[in-house]
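User: I'd like a close look at one part of this model, the sheet and the helices that pack around it. Could you walk me through how it is put together?

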Amino acid sequence: MPHSDELLWGAVGDISRLAALLTMAELGVADHLADGPLGTAELARRCEADAPALRRVLRELAAMDLVRPAGPDAYDLAPRGTALRSDVPDSVRSSIRMLGEESFWYAMGLLPATVREGSSAFVKRYGHLYDHLGADPALSRMFDDYMRRRALPFTEGLVKAYAFPPEATMVDVAGGKGHILASVLHANPRMRGVLLDLGHVTAHAERTFAEEGLTGRTEVVAGDFFTGVPAGGDVYLLASVLHNWDDDDAVTILGNIRRAMNPDGRVLVLEVVLPDDAAPHLGKDIDLRMLAIFNGGAERTREEYAALLGRAGLALSEVVDLGSGASLIEALPV
């Protein structure tokens, strides 16, 4: 096992490596190197960057095996760096740009203040995340792309691992642009879908369903899940929703679903479920982002989700590991 000083200094070095990664994503370095190697001066010109400063970042990126030297003062894209291209299916560029966006960087940098005060420094400065996004269309588009790409492996796991009732109506609560619901409906051709989200989001979902040929099998409803959700659904999906809210708000959302669902309906909660041990886990990393960005937002353990569901008149029946750090929690009415 490495000496503790190695672990600590490695963590200190991570901030420089992350900053280099953010710079690569923001400047589009991978896109500019997609067709082959470039000299640093030419790459800087295409990135609209200062060549001496970019040269120093490229040196760090080469040490991370994201780019590779290709002659005197020239670099090529390394295979690992391909994921930073904008045009590849598994691109992580928007995700990295989102995490390095000024307000998110501020949130993580002010985590000590958040922990000291017990309330989010991000919220104190920027307000609630979704209000902040709503006020900045460019940031909102970047966040939507980040969420869509982040949801891809979870969605694939959901469709493969869960047996949906063949003729059910699924209500996707806070379903965003509708990509998850569209995937479920394509995999289950006799199902119908209803998507609920805020008014400024619903037009995006309608476009998604039209592009996917699902307009006749879907309904898009503008609304607020704190007020109520569409009634009569057989399956209610909450994908990456509950971790944004504290326990009382989460119970309110679940309670509204419990009252709206059919008697033999079910609730599917797609979230990261924290382990009970001290082993490294993706959810522990995400939990700190929830702590930094939301007042009360949190990742939770199986037992904590069971308690929330119980308060809303639901019983946890199954937890299915979907891979990529996500789990599907099924709950039934008590």
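Analyst: Let's begin with one pair of residues: Asp 197 sits opposite Ala 222 in S6. Keep in mind that this is a predicted model. Strand S5 (residues 192-197) and S6 run parallel, with five bridges joining them.

Stepping back, those two strands belong to an open sheet of seven, in the order S6-S5-S4-S7-S8-S12-S11, with mixed pairing. Strand S6 (218-222) and strand S11 (314-323) are at the edges; each has a single partner strand, so one side of each has no neighbour in the sheet. From one strand to the next, the twist averages 20 degrees.

Now for the helices. Helix H10 (residues 137-161) packs on the sheet and touches strand S8 (266-271), S11 and strand S12 (326-333). The direction of H10 makes about 115 degrees with that of S11. Helix H12 (residues 199-211) also packs on the sheet, but its contacts are with S5 and S6, and its direction makes about 170 degrees with that of S6.

H10 has a helix partner too: its axis and that of helix H11 (residues 179-187) come within 10 Å and cross at roughly 25 degrees. Angles under 35 degrees count as roughly parallel, so that is how H10 lies relative to H11. The crossing of the two is right-handed. On the H10 side, the contact uses Arg 148, Ala 151, Thr 155, Leu 158 and Val 159. H11 brings His 179, Ile 180, Ser 183, Val 184 and Ala 187. Sorted by class, the contact of H10 with H11 has six nonpolar, three polar and one charged residues.

Notes: Residues are numbered from 1 along each chain as its sequence is written. This is a predicted model: local features need pLDDT of at least 70, side-chain atom pairs count only at pLDDT 80 or more; totals for chains, interfaces and linings use all residues. Side-chain values use heavy atoms; hydrogens and water are left out. Two strands pair if DSSP finds at least two bridges between them. Helices (H or I, at least four residues) and strands (E, at least two) are DSSP runs, numbered from the N terminus. Axes are lines fitted to C-alpha atoms, for helices over the stretch in contact, and angles run from 0 to 180 degrees between N-to-C directions. Contact means heavy atoms within 4.5 Å. Angles under 35 degrees count as roughly parallel, over 145 as roughly antiparallel, 65 to 115 as roughly perpendicular and the rest as oblique. A crossing is left-handed if the near helix is turned anticlockwise from the far one by less than a right angle, and right-handed if clockwise. Ala, Val, Leu, Ile, Met, Phe, Trp, Tyr, Cys and Pro count as nonpolar, Asp, Glu, Lys and Arg as charged, and the others, Gly among them, as polar.
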